[in-house]
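Me: I'm new to reading protein structures, and I'd like to learn how the labels are earned. Could we go through one together?

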Amino acid sequence: ELLLAAQRALEESRLRRETGRGAGRAQPLPGFLGTSGPTRTLVEMVAKVARSPLPVLITGETGTGKEIVARGIHALSGRDPFLAVNCAALPDHLLESELFGHEKGAFTGADRAKPGLFEAAHGGTLFLDEVGELPAPLQPKLLRALEEGEIRRVGATRSTRVDVRLLAATNRDLDEEIAGGRFREDLYWRLNGLALHIPPLRERPADVPVLVDHFLERFAAATGRQVPPRFAPEAVSLLVSYPWPGNARELRSAVERAATLAEGDL
């Protein structure tokens, strides 16, 4: 924890110097729209952390756009390629093989050697979505990959060096997961090299009209409509006042449903 604090302090000092020279100036974040203060602050932070080698932990509720932010960080990082995996989508043994690869004969069905995502992402960015769901047996292996810069395929006897910028996201409270013994504290400190929190939509209502227009335009393009429909002013006010527990994902569904069922273009 002490070493990470020192590393983070050095990195933040470098970012401040670059900001003073204009290198940290915010750039547009593709796909993440809004004009609110929290959104502008987030976009500025993305521009600052993009070229750092430190891991980034992105937190926020479901539907806030964590993968969009991760892709934005990668787009500004100068690295290539970008690979992503959802840690909650695969069972333990498949996730281990997906991340670290396996050798031929490592398990039943392994009829050939296969590199994992860490090797495939060499020189680029690996995004671990829902990292709070990472199975306990894989957590020390991920910690070793972050600390040593090397991985070992399932069934292999030798390790492989990798150069990967790791981004991780979760909607869980990792402090609670650590207290409950479900997440390693040392892994948390390593993942949390730089932290970005995405505020829920209810805390940035000024972004709602911007997102509504964006979703309407996308809907019109997808359905072949020449002129996108629009919301009446009183409807926009209603949308702004609603707390959107599902965040931008719920808002998009509501907009598309309304545009589909509306009589006419309003």
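Me: How much of the protein chain counts as buried?

Reply: Happy to help! This is a predicted model, and 43% of the 266 residues of its protein chain count as buried. To earn that label, a residue needs under 20% relative accessible area.

Me: What does the chain look like overall?

Reply: The protein chain has 11 helices and 7 strands, and its C-alpha trace spans about 65 × 50 × 35 Å along the principal axes. Its accessible surface comes to about 13900 Å², with 52% belonging to carbon and sulfur atoms. Looking at contacts between residues at least 6 apart in sequence, 74% join residues at least 24 apart.

Me: Why is Arg153 called buried?

Reply: Set the value against the cut-off: Arg153 has 18% relative accessibility, and buried means under 20%. Therefore Arg153 counts as buried.

Me: And what makes Glu103 buried, partly exposed or exposed?

Reply: Glu103 has 27% relative accessibility. Partly exposed runs between the 20% limit for buried and the 50% limit for exposed, so Glu103 counts as partly exposed.

Me: How do you know that Arg153 and Glu103 form a salt bridge?

Reply: The N to O distance between their side chains is 3.8 Å. A salt bridge needs a side-chain nitrogen of Lys or Arg within 4 Å of a carboxyl oxygen of Asp or Glu, so this pair qualifies. It links distant parts of the chain: Arg153 is in the loop between E4 and strand E5 (160–161), while Glu103 is in the loop between H4 and H5, 50 residues apart.

Me: Which salt bridge does Arg153 form with Glu119, and what does the pair tie together?

Reply: The side chains of Arg153 and Glu119 meet at 2.8 Å, N to O, which is again within the 4 Å limit. Glu119 lies in helix H5 and Arg153 in the loop between E4 and E5, so the pair ties together parts that are 34 residues apart in sequence.

Me: Where do Glu256 and Arg252 lie?

Reply: Both are in helix H11 (residues 247–261), 4 residues apart, about one turn of the helix. Their closest N and O atoms are 3.0 Å apart, and they form a salt bridge. Glu256 has a relative accessible area of 27% and is partly exposed; Arg252, at 34%, is partly exposed as well.

Me: How many salt bridges does a search of the whole structure find?

Reply: The search finds 15. Some residues are linked in a network of salt bridges: Glu133, Arg172, Glu177 and Arg182.

Me: Why do nonpolar side chains tend to be buried together?

Reply: I can only offer that as a general tendency of soluble globular proteins. Here, the largest nonpolar core has 29 residues, and Leu99, Phe118, Leu126, Leu128, Leu142 and Leu191 touch the most other members. The largest share of this core, 4 residues, comes from H6.

Me: Which residues does Leu142 touch, leaving out those up to four places away in sequence?

Reply: With that limit, Leu142 touches Phe100, Phe118, Leu128, Leu134, Leu166, Leu187 and Leu191. A second, separate core of 21 residues includes Leu54, Ile73, Leu76 and Ala169.

Me: Which residues of H4 are buried, and what covers them?

Reply: In H4, Leu95, Glu96, Ser97, Leu99 and Phe100 are buried. Their cover includes strand E2 (82–86), H5, E3, H6 and strand E4 (150–151). Just after H4, Gly101 takes a positive phi of about 80°.

Methods
Residues are numbered from 1 along each chain as its sequence is written. This is a predicted model: local features need pLDDT of at least 70, side-chain atom pairs count only at pLDDT 80 or more; totals for chains, interfaces and linings use all residues. Side-chain values use heavy atoms; hydrogens and water are left out. Helices (H or I, at least four residues) and strands (E, at least two) are DSSP runs, numbered from the N terminus. Buried means under 20% relative accessible area, exposed over 50%, partly exposed in between (1.4 Å probe, protein chains only). Contact means heavy atoms within 4.5 Å. Accessible areas come from the Shrake-Rupley method with a 1.4 Å probe; for residues, only the protein chains shown count as cover. A nonpolar core is a set of buried Ala, Val, Leu, Ile, Met, Phe, Trp, Tyr and Cys residues joined through side-chain atoms within 4.5 Å.
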